[in-house]
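Student: Could we go through this protein together, asking how each label is earned?
Tutor: Gladly; let us look at it first.

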Amino acid sequence: MAGFSGFLRRLRAERRRVLLRFTLGLAGASLAWLALAPVYAWGLAAVARAAAPLLENTSGAYYAVEGSRVLVHRPVRLPGQAQMRDVVYTVWLASGAFGLPVLAALILATPGWSGGTRARALGWGLGLLTITQIASMLVSVDFWQQMPVTVQGPAFYLSGHSARRLQVISAIYYFFEIMGRGFFVLVLYVALLGFLETRRAAGRGVGRNAKCPCGSGRKFKHCCGTG
């Protein structure tokens, strides 16, 4: 609690500067996200391809990246047609992953943190948030595999469909869609605050030339003590 109280005091004292830093940080992080999102999508697509043998029930399905979207192409034979046709689903979209630049802006705007502390928070925060993005994408892969195909004519299900599995995967899918993005950012930021502010409070009795209690291995005066 001592760590959080110190954070709140700094926030009240520097609220205008923090707001300005957050606004500029969000603008910069959003621009960076626009540039990096296609590369990020390629990485997620590689994960999806690796997981395909465990998730895919449609023979010949493949994953592709279009701009900043990850797509799955599933060849199906529509009722009354002899030829196969690709049904395409979007399983990840960069515009829906707004939590990544928001978390970056929050970390950059946090008052009293040193550059090293911000770098560690960014590394841990964005890494953990990426795990939630991977989980969300893999849930989307299975969700659209369980949903009925309604391209032309009467709806039909792909191989491997199960009504019970559809109920379960639908609940998980809508959790990620409705709550997951903003919820995970909030939880991660509060967790980072709690961990790093507690370390900061523990360092109050540490000598400036002693090792920083955050575990970085650097001297306290060059790490958390610079704030």
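**Helices, sheet and burial**

Tutor: In this predicted model, the axes of helix 2 (residues 15-55) and helix 4 (residues 115-146) come within 9 Å and cross at roughly 45 degrees.

Student: Why are helix 2 and helix 4 called oblique to each other?

Tutor: Set the angle against the cut-offs. Angles under 35 degrees count as roughly parallel, and 65 to 115 as roughly perpendicular. The crossing is at roughly 45 degrees, and therefore helix 2 and helix 4 are oblique to each other. Their crossing is also right-handed.

Student: Which residues make the contact?

Tutor: Helix 2 brings Arg21, Tyr40, Leu44, Val47, Ala48, Ala51 and Leu55. From helix 4 come Arg118, Thr130, Gln133, Ile134, Met137, Leu138, Val141, Asp142 and Gln145. Sorted by class, this contact has ten nonpolar, three polar and three charged residues.

Student: Now the sheet. What makes strand 1 and strand 3 edge strands?

Tutor: Start with the order: three strands form an open sheet, arranged 1-2-3, with antiparallel pairing. Strand 1 (62-66) and strand 3 (84-93) each have a single partner strand, so one side of each is left without a neighbour in the sheet. From one strand to the next, the twist averages 30 degrees.

Student: How do you know that strand 1 and strand 2 pair?

Tutor: Two strands pair if there are at least two bridges between them. Five bridges join strand 1 to strand 2 (residues 69-77), and the two run antiparallel. Tyr62, for example, stands opposite His73 in strand 2. In the hairpin of these strands, which has two residues between them, Gly67 takes a positive phi near 65 degrees.

Student: What do the side chains do along strand 1?

Tutor: They alternate. Tyr63 and Val65 point to one face and are buried, while Tyr62, Ala64 and Glu66 point to the other and are not.

Student: And how do helix 2 and helix 4 lie on the sheet?

Tutor: Helix 2 lies across strand 1, strand 2 and strand 3, running at about 180 degrees to strand 1. Helix 4 also lies across strand 1, strand 2 and strand 3, running at about 150 degrees to strand 3.

Student: What makes helix 3 (residues 99-109) mostly covered?

Tutor: The count of buried residues: eight of its eleven. They are Gly99, Leu100, Pro101, Leu103, Ala104, Ala105, Ile107 and Ala109.

Student: Why is Arg120 called partly exposed?

Tutor: Arg120 is found in helix 4. Buried means under 20% relative accessible area and exposed means over 50%. At 22% relative accessibility, Arg120 therefore counts as partly exposed. Arg120 and Ile107 are 13 residues apart in sequence and 9.9 Å apart in space, C-alpha to C-alpha.

Student: Stepping back, which pattern does the protein follow along the sequence?

Tutor: There are five helices and three strands, and read along the sequence they follow α-α-β-β-β-α-α-α. Of the 227 residues, 41% count as buried. Among contacts between residues at least 6 apart in sequence, 59% join residues at least 24 apart.

Notes. Residues numbered from 1 in each chain as written. Predicted model: local features only at pLDDT ≥ 70, side-chain atom pairs only at ≥ 80, totals over all residues. Heavy atoms only, no water. Axes fitted to C-alpha atoms, helices over the stretch in contact; angles between N-to-C directions. Helix = DSSP H or I, 4+ residues; strand = E, 2+ residues; numbered from the N terminus. Parallel < 35°, antiparallel > 145°, perpendicular 65-115°, else oblique. Left-handed = near helix turned anticlockwise from the far one by under 90°. Contact = heavy atoms within 4.5 Å. Nonpolar A, V, L, I, M, F, W, Y, C, P; charged D, E, K, R; others polar. Buried < 20%, exposed > 50% of the residue type's maximum accessible area, 1.4 Å probe, protein only.
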